[in-house]
Amino acid sequence: MKKKGLLVVISAPSGTGKTTVCKKLREVDRSRFKFSVSCTTRSPRPGEKNGVDYYFVSREEFKKKIKSGELVEWEEVFGNYYGTLRSVLEEAIEKGDILLLDIDVKGGMNIKRLFPENTVTIFLLPPSEEELNRRLITRGADDEQSIQRRKKRIGEEMKLGEHFEYKVVNDKLDETVEKILKIIEEVRGNGSGYN
Ligand code: ADP
Ligand code: 5GP
């Protein structure tokens with residue numbers, strides 16, 4: 001039987017914990033969980049590494065990648081461009097990897113539309129609006145204007161999140177990771193082609 005990769009889309013309003021959860025999942029087993037490194041035109045945050053967290057590119061480079069078809073999907077989010085590399089997804093599907101995608105709601109739905117058999121969509125929810133505000137502030141990565149931009153998008157993201165197959169409230173981090181591991185096991189159990 002042909003091996004098939006599993007694309008695990010993890011979307012949520014900014015500040016809910018997508019990045020943290022993806023990192024934790026990878027700590028569980030690095031050889032098992034791969035991360036889809038996206039391209040972005042935003043500047044690196046302190047500690048972020050090129051090729052690890054994102055491929056940080058100029059607007060011109062990003063536009064070239066759109067033109068050449070290198071990106072399987074892309075969106076403008078908070079005034080910057082973000083896109084998923086086609087080669088990364090194709091390699092994961094071919095090899096039978098479990099690939100984690102930390103992408104926005106629209107991008108996540110596009111991945112599901114393009115690779116329906118290989119994709120599971122998980123929407124993370126914050127425990128409350130107050131806690132989400134607290135996380136956005138304590139992350140300390142964005143200035144006030146950027147935080148306001150991120151907050152403005154929450155309503156739209158929560159609405160689109162209704163279309164996701166699974167919803168997980170990211171309250172206690174360890175419990176969130178356990179729930180996602182369970183979802184992955186469940187999906188792989190159902191899809192006989194997954195290794
Ligand atoms: P996102 O990638 O969704 O924008 P991050 O992963 O950057 O969000 O998390 C935003 C902030 O919330 C970070 O400071 C992170 O440490 C914190 N955080 C993430 N998950 C939890 C959690 N379950 N409990 C408490 N704080 C969390
Ligand atoms: P951040 O600037 O906080 O890293 O990311 C901003 C938003 O862009 C988040 O919702 C994140 O999931 C999303 N994002 C990151 N990479 C991609 C991508 O390749 N495609 C899409 N559509 N969204 C992405």
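Q: Which residues of helix α4 (residues 105-114) are called buried, and what does that word require?
A: In this predicted model, the buried residues of α4 are V105, G107, G108, N110 and I111. The word requires a relative accessible area under 20%, so each of these five names stands for a value under that limit.

Q: What covers the buried residues of α4?
A: The cover includes the strands β1 (6-11), β5, β7 and β8 (119-125). It also includes the helices α3 and α7 (154-161).

Q: Why is R45 called buried?
A: R45 has a relative accessible area of 17%. The limit for a buried residue is under 20%; 17% meets it, and R45 is therefore called buried.

Q: Where does R45 lie, and which residues does it touch?
A: R45 is found in the loop between β3 (38-40) and β4 (54-56). Leaving aside residues up to four places away in sequence, R45 touches R139, A141, D142 and R150. Contact means heavy atoms within 4.5 Å, so each of these four has a heavy atom within that distance of R45.

Q: How far apart are R45 and D171, in sequence and in space?
A: They are separated by 126 residues in sequence. From C-alpha to C-alpha, the distance in space is 24 Å.

Q: What is the volume of the largest pocket, and which residues are closest to its centre?
A: The volume of the largest pocket is about 1,100 Å³. Of the 44 residues that line it, K18, T19, T20, R45 and D102 are the closest to the centre.

Q: Which elements give two or more residues to the lining of the largest pocket?
A: These elements are α1 (18-28), β2 (33-35), β5 (71-77), β6 (80-85) and α5 (129-139). The largest share, 6 residues, comes from α1. By class, the lining has 19 charged, 13 nonpolar and 12 polar residues.

Q: What makes up the lining of the second largest pocket?
A: The second largest pocket has a volume of about 220 Å³. Its lining consists of R42, S43, R45, F78, N80, A141, D142, D143, Q145, S146, R149 and R150. Helix α6 (residues 144-152) gives the most to this lining, with 4 residues. The classes are 6 charged, 4 polar and 2 nonpolar residues.

Q: What is unusual about the phi of F78?
A: Most residues other than glycine have a negative phi. F78 is not a glycine, yet its phi is positive, at about 50°.

Q: Where does F78 lie, and why is it called buried?
A: F78 lies in the loop between β5 and β6. Its relative accessibility is 15%. That value is under the limit of 20%, and F78 therefore counts as buried.

Q: How do you know that β5 and β6 count as paired strands?
A: Two strands pair if there are at least two bridges between them. β5 and β6 share 6 bridges, so the condition is met, and their sense is antiparallel. One of the bridges sets V77 against N80 in β6. The two strands form a hairpin with 2 residues between them, and F78 is in the turn.

Q: What makes β5 a mostly covered strand?
A: Of the 7 residues of β5, 5 are buried.

Q: What is the order of the strands in the sheet that contains β5, and which are its edge strands?
A: This open sheet has 4 strands in the order β4-β3-β6-β5, with mixed pairing. The edge strands are β4 and β5, each of which pairs on one side only. Neighbouring strands are turned against each other by 25° on average, direction ignored.

Q: How do you know that β3 and β4 pair, and in which sense do they run?
A: They are joined by 3 bridges, and the requirement is at least two, so they pair. They run parallel. Within this pair, S38 stands opposite Y54 in β4.

Q: Which strands does helix α3 (residues 86-95) lie across?
A: Helix α3 lies across β5 and β6, and it runs at about 30° to β6.

Q: Why are β2 and β9 (166-169) called edge strands of their sheet?
A: The sheet is open, has 5 strands in the order β2-β7-β1-β8-β9 and is paired in parallel. β2 and β9 each have a single partner strand, so one side of each is left without a neighbour in the sheet. From one strand to the next, the twist averages 30°.

Q: How many bridges join β2 to strand β7 (residues 98-102)?
A: There are 3 bridges between these parallel strands. At least two are needed for a pair, and β2 and β7 therefore qualify. The bridge partner of F33 in β7 is I98.

How values were computed
Residues numbered from 1 in each chain as written. Chains lettered and ligands numbered in written order. Predicted model: local features only at pLDDT ≥ 70, side-chain atom pairs only at ≥ 80, totals over all residues. Heavy atoms only, no water. Buried < 20%, exposed > 50% of the residue type's maximum accessible area, 1.4 Å probe, protein only. 1 Å grid on protein atoms, 1.4 Å probe; cavity = no way out; pocket = protein on both sides within 12 Å on 5 of 7 lines; lining within 4 Å. Points joined across faces, edges and corners; volume = space filled by probe spheres on them. Nonpolar A, V, L, I, M, F, W, Y, C, P; charged D, E, K, R; others polar. Axes fitted to C-alpha atoms, helices over the stretch in contact; angles between N-to-C directions.
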